[in-house]
Amino acid sequence: MIDIPDGLVESQYTYAGEAGRAFIAALPERVAEFVERWDLAVDGDPMHGMAALVLPVVRRADGVPAVVKFQVLDEETEGEPVALRVWDGDGAVRLLDHDAATGTMLLERLDAGRMLTSVADSREAVLVVAELLARLTAGPAPDGVRRLTDIAAQMLADVPGALEKVAEPAERALLADCAAALREVAADGAGDRLLHWDLHFENVLAATDGREPWLAIDPKPLAGDPGFDLWPALDNRFEPDEVVWRFEAMTDVLGLDRERARGWTLGRTVQNALWDIEDGRAFSPDHLETARRLLGK
């Protein structure tokens, strides 16, 4: 019924292992199953990112354009429909239907050709993200969503062993400073707000019907402190001299305590560094520079 994009096959085989291979093998039958189950007509070529196939469709019953999102069901993706139901289209793409067993979702169709990356002024784009986050993180997370408390505790437990693997003294000292900042804010609790976790510029699309200028997609929800949600907008279209402006502007829009937000944002540096160490990659220079700027180094 569809041709599976080579890029999706490659990323699933490379990063998702056996689960990714099983997902790719099941896709043709799964697409056919949900097109029939939800009474849809395919309405364009499939799109994809690293982890999901997105198929444009039209609901036969009412002619409403939509997309079906197919993805591997794991601890990150299983929370996506939960968050989308809570937001109910307020600042985020609207969930129309969902299959819990496979993680397949029928979603409102947005303008895939108009991402926030199309906005030339990076400050304007950052403020769009901040205003969306202010809305998305305004309420408490529902039961069952992954908790930042647990994630932070695991990161801090992993730091001592990870530091032993960092050969460069300056990088080791910087990571230790970031971990100290994370430890300080985590000691006072990680909060209970519903976080998006991954609101970078490519996860913000324009609506097709004009109901809102920009909407968030693809959450990996957590229950925690909104300060943990700022980092992607600091990293997108990275400009070292803009780090502090972006951070201060976002904390103003969200009404956050700046010192706590700094600690949670530095926690994202810790998270990325731990992943880099685990995968044997060099640290991103941009990530290190973001940490230096926030620490005033």
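Guide: A salt bridge here means a side-chain nitrogen of Lys or Arg within 4 Å of a carboxyl oxygen of Asp or Glu. This is a predicted model, where local features need pLDDT of at least 70, side-chain atom pairs count only at pLDDT 80 or more, and totals for chains, interfaces and linings use all residues. Residues are numbered from 1 along each chain as its sequence is written, and side-chain values use heavy atoms, with hydrogens and water left out.

Visitor: OK. How many salt bridges does a search of the whole structure find?

Guide: The search of the whole structure gives 25 salt bridges.

Visitor: Pick one. Which residue does R37 form a salt bridge with?

Guide: The partner of R37 is E33, and their closest N and O atoms are 2.5 Å apart.

Visitor: Where do R37 and E33 sit, and how many residues apart are they?

Guide: Both are in helix α2, residues 17–37. They are 4 residues apart, so about one helical turn separates R37 from E33. Helices (H or I, at least four residues) and strands (E, at least two) are DSSP runs numbered from the N terminus.

Visitor: Is R37 buried or exposed? And what does E33 count as?

Guide: R37 is partly exposed, at a relative accessible area of 43%. E33 is also listed as partly exposed, with 35% relative accessibility. The cut-offs are under 20% relative accessible area for buried and over 50% for exposed, with partly exposed in between (1.4 Å probe, protein chains only).

Visitor: Now one that links distant parts of the chain. What about R109, which residue is in the salt bridge with it?

Guide: R109 bridges to D43, and the closest N and O atoms of the two are 2.8 Å apart. R109 is in the loop between β6 (104–108) and β7 (110–115), whereas D43 is in the loop between β1 (40–42) and β2 (47–48). The two are 66 residues apart. With a relative accessibility of 39%, D43 is partly exposed.

Visitor: And D225, which side chain does it meet in a salt bridge?

Guide: The side chain of R260, with an N to O distance of 3.5 Å. D225 lies in the loop between β11 (222–224) and α7 (231–235) and R260 lies in helix α9 (residues 258–279), so the bridge ties together parts that are 35 residues apart in sequence. D225 is buried at 13% relative accessibility, whereas R260 is partly exposed at 23%.

Visitor: Which residues are linked in a network of salt bridges?

Guide: D90, E108, R135, R211 and E212 are joined in such a network.

Visitor: Staying with α9, is D276 buried or exposed?

Guide: D276, which lies in helix α9, is buried, with a relative accessibility of 8%.

Visitor: What does D276 touch?

Guide: Leaving out residues up to four places away in sequence, D276 touches R281, A282, F283 and S284. Contact means heavy atoms within 4.5 Å.

Visitor: Then P285. Where is that?

Guide: P285 is in helix α10, residues 285–295. It is exposed, with 60% relative accessibility. Measuring C-alpha to C-alpha in the model, P285 is 29 Å from T137 in space, and the two are 148 residues apart in sequence.

Visitor: Switching to strands. In what order do the 3 strands of the open sheet with β9 come?

Guide: The order is β7-β9-β10, and the pairing is antiparallel. Two strands pair if DSSP finds at least two bridges between them.

Visitor: Which are the edge strands?

Guide: β7 and β10 (215–216), each of which pairs on one side only. β10 pairs with β9 (residues 204–207) in the antiparallel sense over 2 bridges.

Visitor: Which residue in β10 is the bridge partner of V204?

Guide: A216 is the partner of V204.

Visitor: Backbone angles, then. What is phi of D88?

Guide: Phi of D88 is near 50°, a positive value in a residue other than glycine. D88 is in the loop between α3 (80–87) and β5 (95–99). It is exposed, at a relative accessible area of 53%.

Visitor: And D218, what phi does that have?

Guide: D218 has a positive phi of about 55°, although it is not a glycine. D218 sits in the loop between β10 and β11.

Visitor: Is D218 buried or exposed?

Guide: D218 counts as buried, with 18% relative accessibility.
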